Amino acid sequence: MPIDTFLKSVEATKFATAIRDSIWMFPIIESIHVICFTIVVGTIAVVDLRLLGLASTQRSFRRISSDVMKWTWGAFILAVATGLMMFSNNARVYYHNPFFRTKMILLVLAGVNVAVFELTAGRTSSSWDKAPSAPRIGKVVGVLSLAIWISVIFMGRLIGFTTHPGTVAPPTPGVNYEDFLGGPSSGGSNGNTSGGGTTTTPTPTPPNQ
Amino acid sequence: MNSFAQWLTKTSLSHTFRVQESWLVPGVQSIHIIGIAVIMGSLLMIALRVLGWAGTDQTLRQTTDRFGPWVMWALALQLVTGIVMIITEPARELVNFSFWTKMVFVAIGTTLAGIFLIGFPKHEQRWEALVKSRTFKSMVIVTFVLFLCIIVLGRLIAYDHIWGSWSPATQEY
């Protein structure tokens, strides 16, 4: 499986190894990831609620959007960067995790949703800028945006519950999970470490919750 | 606190929650994260308005009227979801250095945010000079940074061992 060969080489990079070998790097990177996506979701919601005519209805849509979106994008870029860092540390496990895959699909859908908006209601925003809500297509985009981002948060949280040693995830054919562990398992994980991570942190190893 | 955590673990409510743990814990944690997203987005909008970096077409009062209630209601949601998490996993939360440090930050952060969000709309004239002062602007930045620390400490509850001997959890092993 070439993708697994690639992911294995990602895991073997100096940076990914440094994250695995450090007890504090992963938690700090994850915390920054959380800070960034709370800003992303919190600020996007401001725009979505304005599209729906549920809040800030007396304000110009374009004014709100320009006030908010630079922070959304800045935080999004940082969230992607920290996300890639976390991914590199345990690439094959994340890649084969169903919640991770669902989250990635949702992020693509969020992008498509923004593109649809830009090509439709966004293009004509000068005509409804002062109206209390967007045209119907803009409202649909707003609802979808809120639903997608809330789902992204749920999926993201579930990744943390399904990628640590001891979780019984179905083993993916063609992946030799023994390679992940770099030796005999350190116990405490009911013997079934399929789906486990490459955790090399000192014992005890808490789950990535 | 150890014995309180033990007692709480033995209560039937805690047991009921634990039976449903597989979906309840990630579900409630996700709602808790949505709550902090609402708080961070709203606090950011208020902070940017105070600093004059965004929302300058609105008065500060209009901005706090728009975002203040969201902060307050989301804080209430955090309290409820937080309590559910404590009842479900008492030892994970209560015997935890990150948790208690977070609670100190929560106490200070919500007090600062609360004084402003409740006090300012009530006494707008009296606050007028104050909100323009440099001290007030720095207090707003401090409050926002406190909430950033709250997020970090909240996440570190799951990794309390990184504090070494400060973490009561490491002493169990």
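Student: What makes B:D57 and A:R59 a salt bridge?

Tutor: In this predicted model, the closest N and O atoms of B:D57 and A:R59 are 2.9 Å apart. The cut-off is 4 Å between a side-chain nitrogen of Lys or Arg and a carboxyl oxygen of Asp or Glu, so the pair qualifies. The pair crosses between chains, running from the loop between α3 and α4 of chain B to the loop between α3 and α4 (61-89) of chain A.

Student: Why is B:D57 called partly exposed?

Tutor: Its relative accessibility is 33%. Buried means under 20% and exposed over 50%, so B:D57, at 33%, counts as partly exposed. Its partner A:R59 has a relative accessible area of 9% and is therefore buried.

Student: Which residues are linked with A:R59 in a network of salt bridges?

Tutor: A:R63, A:D67 and B:D57 are linked with A:R59 in that network.

Student: How do you know that the salt bridge of A:E30 and B:R155 joins two chains?

Tutor: Start with the distance: the closest N and O atoms of A:E30 and B:R155 are 2.6 Å apart, and the limit is 4 Å. A:E30 lies in helix α3 (residues 25-52) of chain A, whereas B:R155 lies in helix α8 of chain B, so the pair joins two chains.

Student: Are A:E30 and B:R155 buried or exposed?

Tutor: A:E30 has 9% relative accessibility, and B:R155 has a relative accessible area of 9%. The cut-off for buried is under 20%, so A:E30 counts as buried and B:R155 is buried.

Student: How many salt bridges are there between chain B and chain A, and how many over all chains?

Tutor: There are two between chain B and chain A, while a search of the whole structure finds eleven over all chains.

Student: What makes A:R62 and A:D129 a salt bridge?

Tutor: Their closest N and O atoms are 3.9 Å apart, and the cut-off is within 4 Å, so the pair counts. A:R62 lies in helix α4 of chain A and A:D129 in the loop between α7 (125-128) and α8 of chain A, so the salt bridge ties together parts that are 67 residues apart in sequence. At 42% relative accessibility A:R62 is partly exposed, whereas A:D129 is buried at 8%.

Student: Which residues take part in the contact between the chains, and how many come from each?

Tutor: The contact takes 37 residues from chain B and 35 residues from chain A. Of the area that chain B buries against chain A, B:R66, B:R155 and B:Y159 supply 17%, more than any other three residues. The area buried between the two chains is about 3200 Å², and carbon and sulfur atoms give 73% of it.

Student: How many residue pairs are in polar contact between chain B and chain A, and which helix of chain B gives the most to the side that touches chain A?

Tutor: Eight residue pairs are in polar contact between the chains. On the side of chain B that touches chain A, α3(B) gives the most, with 15 residues. The residues of that side divide into 24 nonpolar, eight polar and five charged.

Student: Why is A:S145 called buried?

Tutor: A:S145 has a relative accessible area of 7%. Buried means under 20%, so A:S145 is buried. This residue lies in helix α8 (residues 136-162) of chain A. Leaving aside neighbours within four places in sequence, A:S145 is in contact with A:I44, A:D48 and A:N113.

Notes. Residues are numbered from 1 along each chain as its sequence is written. Chains are lettered from A and ligands numbered from 1 in the order in which they are written. This is a predicted model: local features need pLDDT of at least 70, side-chain atom pairs count only at pLDDT 80 or more; totals for chains, interfaces and linings use all residues. Side-chain values use heavy atoms; hydrogens and water are left out. Helices (H or I, at least four residues) and strands (E, at least two) are DSSP runs, numbered from the N terminus. Buried means under 20% relative accessible area, exposed over 50%, partly exposed in between (1.4 Å probe, protein chains only). Contact means heavy atoms within 4.5 Å. Buried area is the accessible area (1.4 Å probe) that two parts lose on being put together, summed over both. A polar contact is a pair of N or O atoms within 3.5 Å; within protein, one must be able to donate a hydrogen and the other to accept it, and residues adjacent in sequence count only if both atoms are side-chain atoms. Ala, Val, Leu, Ile, Met, Phe, Trp, Tyr, Cys and Pro count as nonpolar, Asp, Glu, Lys and Arg as charged, and the others, Gly among them, as polar.
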